[in-house]
Every structure is written in C-alpha cells, then in structure tokens.
Amino acid sequence: MSQQTSFTAAAVHAASEFLDLDASVDKACRLIEEAADNGARLVVFPETFLPGYPFWIWSHTPAQSAPLFAELFAQSVELPSEATQRIGRAARRARTWVCMGLNERDGGTLYNTLAWFDDDGRLIARHRKLQPTNAERTIWGRGDGRDVFVLDTPLGRLGGLICFEHSMDLNRYALIALGQQVHVAAWPAISAMTADPNSGNFDNLTETAIKYHALAAQAYVICCQSRIDENAIERIGLTGQTDKARVGGGLSAIVAPDATYVAGPHRDDETILYGEIDLGIIPFAKFFADSAGHYARPDVFSFGIDARAQTPLSAGAGGIVDRFQVLGEPDDGVEELEAEAPRLLGPPPA
C-alpha cells in the first residue's frame, strides 16, 4: 500500500470518565476532534480508556472487587456496538485513524483490547492482550493468535501491544517480523496506583520497554498511558489514602527508531502529545541492523505464529437448540429419552 512519508501522531494522556461508558465515549470523541484540529492523522488512547482500568485489583480483596467488576462488566464495550459506532463517526469526521484501548465484553468474558478505526470510521481490527498480567487475570480473558498482526495502511505498517506484553519477546518479534513501522504501546497509570509494588519503578519500566522496542524494531513507538483522577479514586473507595492511590500518574511519549524522544515524556497532567512520524528515516535504522532481515538468523532460530482461534467450542460441535427434535415414537426407547430429559436446555414444548 502506498504510504505517506510523514504525518503527525497524537498520544492522549487522559483519565477516563471512570466506569461510565457513555461519558468516556463522549470525552474520547472530543479528544479525537481536538487532536485532528491540531493536525493528527493517528490518535492513540491509553489501555482500557473505555470505561477505565480496574485499578482496584492492586488494592482490594476479591470480595471488595466483585461489585466493581460487575460495574465494569456492565459498562464494557461489545464489538461492534453503539459505542464503537460513535468512535467511528468521530474518526470519520476528523479524517484520522484511531487506536482505542477498551474493555471488550464478549459473552461472559472481558478482554483487554486495542480497537483500530480507519479514517473512514470503520472498525477494522482488534488486538486482545495475549496474557493479562498478575492480578489482571481476575478481570480479563486471554487473546489468541488472531491478535498478532500488523495493519498495512497509508500511514505505514501499524501494530500495538498492551502493557507487559512488551516483556513477551516473541510477541514483539512477531510484529517486527511482520514489518511494523509504527508501534502503539498502551499502558495504565500504575505510577499513581501506589498500592502496586511496581508503582515507584513503573516509569522506568515503561521507558526501558518503549525505547528498546523502538531500537529493536527500527520503528516509531507511540506510548500512551492513562492518569487517575479524583473521581476514579472516589469510586474505588480510596479517597485520602495516598499510600494506595494518588491523582495523576502515567508516562506518555513518542519515541524514534534510534530510541530518542520525539515528544515527551509527559507525566501526571492531562494533555495530548504530538509528534512527527517520518518513515523516511527507518531505512537508515535498518541499514545498521534490520532485526527481521539481514540481522536475523533464520538458519539458527525458527519462529512461527498459530493464528487460529482458540475457543472452548470446536468446529462441528452441536449448536443451540431452539426446537425439540423427535427422537422416537412413544414405544421406541421411552425410558432412555426420559433419562436424558434433565440435560435439555429449554422449557418443555407447549
């Protein structure tokens, strides 16, 4: 696909309207419009911006967490849905691409997802976090091989990972091998979640991860983290407990392929960071060491991706029965049919 030589990217460093999907979508649409007015062709939002990151997993017991999880489940996003249509309309009006972090609801399970919208407003792809981290496993299910991809777009080859997925080297290398040029790194504001033992070191972990991926991938990295506001702290019952949560947090930045900052790093206060993405400098980085080309050793190392869906229901299994099938006449196996009756999922026929 033909590509632009350069464009402006925007990293939205902002707090969600916590556990309020409609209000969070409204805020996202306003921020998309603002970023586009300032020239952005790609607008990136933090991890689970819709309708917020479940910060309570680092401070609450499971019993305390259950009601908050129920609220999060009710306010999460189905793909597609009215919420994604509203984001899509905002992207189309702004003529910009959007990468939106959200809590995705699919059946009875939530997923930590990046949803991609093109500048026509179409929801074109989703990336589910392959492995929720530590206590996150009480909230989200896992993605599968369908979530490892790079999008070939007029802005370049785009892809992304979520938070500690950046510690999964094969996951990162898959994107590198697929020719990624612009990488989204979405994270929560753990630096403000002081109950988390990683809180004080989280900015360092973030900077290490995003700079190394930029260097190893010879790609731009758009790092986008959220922040915690007073409303979120109040909703999770931690007002005045700065040893567990504080206002602010997050580190957002845009990093060049040589691991230098194009924009940021920015912390704490709400803002939109802007940076120029110049695809023309990537060949110079590849000239020194192309990780998926002349600097790879496929004769020594082998690597593959299983892109099949991993579901609990295999192909060819029975479907949902909405009509009883007559299995025999009354004198043909009556006792056997009666023995099976408790397994029928539905009311008896009228």
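This report describes selected helices, strands and contacts of a predicted model.

## The open sheet

Six strands make up an open sheet of mixed pairing, and their order across it is β5-β4-β3-β2-β1-β12. The edges are taken by β5 and β12 (271-278), each of which has a single partner strand, so that one side of each is left without a neighbour in the sheet. On average, and with direction ignored, neighbouring strands of this sheet are turned by 30° against each other.

Within this sheet, β1 (residues 6-13) and β2 (residues 40-44) pair in the parallel sense over four bridges. One residue pair can be named here, since Thr8 has Ala40 in β2 as its bridge partner.

## Helices lying across the sheet

Two helices can be placed against these strands. The helix α2 lies across β3 and β4, and its direction is at about 35° to β4, while α3 lies across β3, β4 and β5 and runs at about 20° to β4.

The 13 residues of α3 should span 18 Å at 1.5 Å a residue, and this agrees with its end C-alpha atoms, which are 18 Å apart. Buried residues in α3 are Ala83, Thr84, Arg86, Ile87, Gly88, Ala90, Ala91 and Ala94, and the elements that cover them include α1 (21-37), β3 (97-106), β4 (109-117) and β5 (123-128). After α3 comes Arg95, which has a positive phi, near 55°.

## The loop before α3

Between α2 (62-74) and α3 (82-94) there is a loop, and Ser81 is found in it. Ser81 has a relative accessibility of 17% and therefore counts as buried, the cut-off for that term being under 20%. The side chain of Ser81 also reaches the backbone oxygen of Glu78, at 2.7 Å.

## The loop between β4 and β5

Another loop, the one between β4 and β5, holds Arg122. The side chain of Arg122 makes a polar contact with the side chain of Asp118, at 2.6 Å, and, when neighbours within four places in sequence are left aside, Arg122 is in contact with Trp116 and Phe117. Arg122 and Arg92 are 30 residues apart in sequence, and from C-alpha to C-alpha they are 8.2 Å apart in space.

## Nonpolar cores

In soluble globular proteins, nonpolar side chains tend to be buried together. In this model the largest nonpolar core has 61 residues, and those with the most contacts inside it are Leu42, Trp56, Trp116 and Met193. Apart from it lies another core, of 28 residues, which has Val77, Ala91, Ala94 and Leu102 among its members.

The surroundings of Leu42 can be listed in more detail. With its neighbours within four places in sequence left aside, Leu42 is in contact with Phe7, Thr8, Ala9, Ala10, Thr96, Trp97, Val98, Trp116, Leu155, Val182 and Ile222.

## Strands β8 and β9

The strand β9 (residues 220-225) is mostly covered, six of its six residues being buried. In a regular strand the side chains alternate between the two faces of the sheet. In β9, Tyr220, Ile222 and Cys224 point one way, whereas Val221, Cys223 and Gln225 point the other way, and all are buried.

Strand β8 (residues 182-187) runs parallel to β9 and is joined to it by six bridges. Across this pairing, His183 stands opposite Val221 in β9.

Technical notes:
Residues are numbered from 1 along each chain as its sequence is written. This is a predicted model: local features need pLDDT of at least 70, side-chain atom pairs count only at pLDDT 80 or more; totals for chains, interfaces and linings use all residues. Side-chain values use heavy atoms; hydrogens and water are left out. Buried means under 20% relative accessible area, exposed over 50%, partly exposed in between (1.4 Å probe, protein chains only). A polar contact is a pair of N or O atoms within 3.5 Å; within protein, one must be able to donate a hydrogen and the other to accept it, and residues adjacent in sequence count only if both atoms are side-chain atoms. A nonpolar core is a set of buried Ala, Val, Leu, Ile, Met, Phe, Trp, Tyr and Cys residues joined through side-chain atoms within 4.5 Å. Contact means heavy atoms within 4.5 Å. The expected span of a helix is 1.5 Å times one less than its number of residues. Two strands pair if DSSP finds at least two bridges between them. Axes are lines fitted to C-alpha atoms, for helices over the stretch in contact, and angles run from 0 to 180 degrees between N-to-C directions.
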